[in-house]
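Okay, thanks for coming, everyone. I'd like to walk you through a model today, so let me put it up on the screen.

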Amino acid sequence: WMWAQYVLLTQRIHEGFTQPSFLSWGDDETTSFFDQCHANMWGVYASHPELHRLIKINSFYWKIFNQITRQMGPALFFGTAQSCFLSAVRLAASGQLFSSYAASRAVLENAMLAFQVFSEPKSFELWLSRDGKKAAYESLFRMSTLIKKYQEHDMKNSNRLKKLYERVNTF
């Protein structure tokens with residue numbers, strides 16, 4: 001029953017948001033795919049209240065981002081993490097679940113890079129000159145090293161981070 005409701009809702013939404021035919025939208029596989037993804041997103045938004053928690057997470061991102069915008073390194077990586085988060089949500093909501101894992105991995109990696117350069121501002125200089133200092137860069141910015149460092153900061157959430165990172169890497 002729930003699946004049937006979802007299909008009907010998706011069809012109604014799809015009919016309301018289909019692009020005008022004079023644009024030839026939907027006449028090929030690519031734009032038809034985009035249209036279906038868009039309709040899937042509306043269906044997920046309307047029928048899955050869990051998505052609203054993700055909206056709250058994004059507003060939390062903005063609060064933090066507004067506090068760190070004067071620090072180029074953390075802002076760069078945190079902003080990228082937020083962008084990847086929105087991409088992962090959009091991919092999953094549009095029905096591209098497996099593709100959302102790559103974006104989710106990028107969320108975690110960029111969040112950890114933001115943590116590193118926020119906690120050690122001089123490390124951003126190393127990141128900027130990473131081509132010339134490859135060994136130092138690789139030892140400091142390796143994900144396992146970043147997770148261990150975060151573990152010293154927040155043991156409880158570092159275990160969650162580690163599990164999430166392992167999970168997104170299994171796909």
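Before we look at anything, one cut-off: when I say buried I mean under 20% relative accessible area, exposed is over 50%, and partly exposed is what lies in between. And please keep in mind that this is a predicted model.

So, the overall picture. The protein chain has nine helices and zero strands, and if you read along the sequence you just get α-α-α-α-α-α-α-α-α. Of the 171 residues in the chain, 32% are buried. The accessible surface comes to about 11,600 Å², and carbon and sulfur atoms hold 60% of that. As for contacts, take those with a separation of 6 or more: 58% of them are between residues 24 or more positions apart.

Let's start with helix H2, which covers residues 29–47. Trp42 sits in that helix, and together with Tyr45 and Ile55 it makes a nonpolar patch on the surface. The three of them add up to about 280 Å² of accessible area. Is Trp42 buried or exposed? Well, its relative accessible area is 33%, and because that falls between the 20% and 50% cut-offs, Trp42 counts as partly exposed.

Also in H2 we have Ser32, again partly exposed, at 31%. If you skip its neighbours within four places in sequence, Ser32 is in contact with Gly26 and Asp27.

Now swing over to helix H5, residues 97–119, and helix H9, residues 155–169. Their axes come within 9 Å and cross at roughly 145°, and the crossing is left-handed. Which residues meet there? On the H5 side you have Tyr101, Ser104, Arg105, Leu108, Glu109 and Met112. On the H9 side you have Leu161, Leu164, Tyr165, Arg167, Val168 and Asn169.

Hang on to two of those H5 names, Arg105 and Glu109. How many salt bridges does the structure hold? Two, and one of them joins the side chains of Glu109 and Arg105, at 2.7 Å from N to O. Those residues are four apart in H5, so about one helical turn separates them. Both are partly exposed: Glu109 has a relative accessible area of 24%, and Arg105 comes in at 35%.

There is also a salt bridge between the side chains of Glu120 and Lys149, at 2.3 Å from N to O. This pair links distant parts of the chain, 29 residues apart. Glu120 is in the loop between H5 and helix H6, while Lys149 is in helix H8, residues 143–153. Glu120 is partly exposed, with a relative accessible area of 36%.

Last stop, H6 itself, where you find Ser123. Buried or exposed, what would you guess for this serine, Ser123? Its relative accessible area is 4%, and since buried means under 20%, Ser123 counts as buried. What is it in contact with, leaving aside neighbours within four places in sequence? Ser123 touches Gln116, Val117, Leu140 and Phe141. And if you want a distance to check on screen, Ser123 and Leu113 are ten residues apart in sequence and 9.7 Å apart in space, C-alpha to C-alpha.

That's my tour. Happy to rotate the model if anybody wants another look.

Key. Residues are numbered from 1 along each chain as its sequence is written. This is a predicted model: local features need pLDDT of at least 70, side-chain atom pairs count only at pLDDT 80 or more; totals for chains, interfaces and linings use all residues. Side-chain values use heavy atoms; hydrogens and water are left out. Patches are made of residues with over 30% relative accessible area and no salt bridge: like charges are joined within 9 Å, nonpolar side chains (Val, Leu, Ile, Met, Phe, Trp, Tyr) within 5 Å. Accessible areas come from the Shrake-Rupley method with a 1.4 Å probe; for residues, only the protein chains shown count as cover. A salt bridge is a side-chain nitrogen of Lys or Arg within 4 Å of a carboxyl oxygen of Asp or Glu. Helices (H or I, at least four residues) and strands (E, at least two) are DSSP runs, numbered from the N terminus. Buried means under 20% relative accessible area, exposed over 50%, partly exposed in between (1.4 Å probe, protein chains only). Axes are lines fitted to C-alpha atoms, for helices over the stretch in contact, and angles run from 0 to 180 degrees between N-to-C directions. A crossing is left-handed if the near helix is turned anticlockwise from the far one by less than a right angle, and right-handed if clockwise. Contact means heavy atoms within 4.5 Å.
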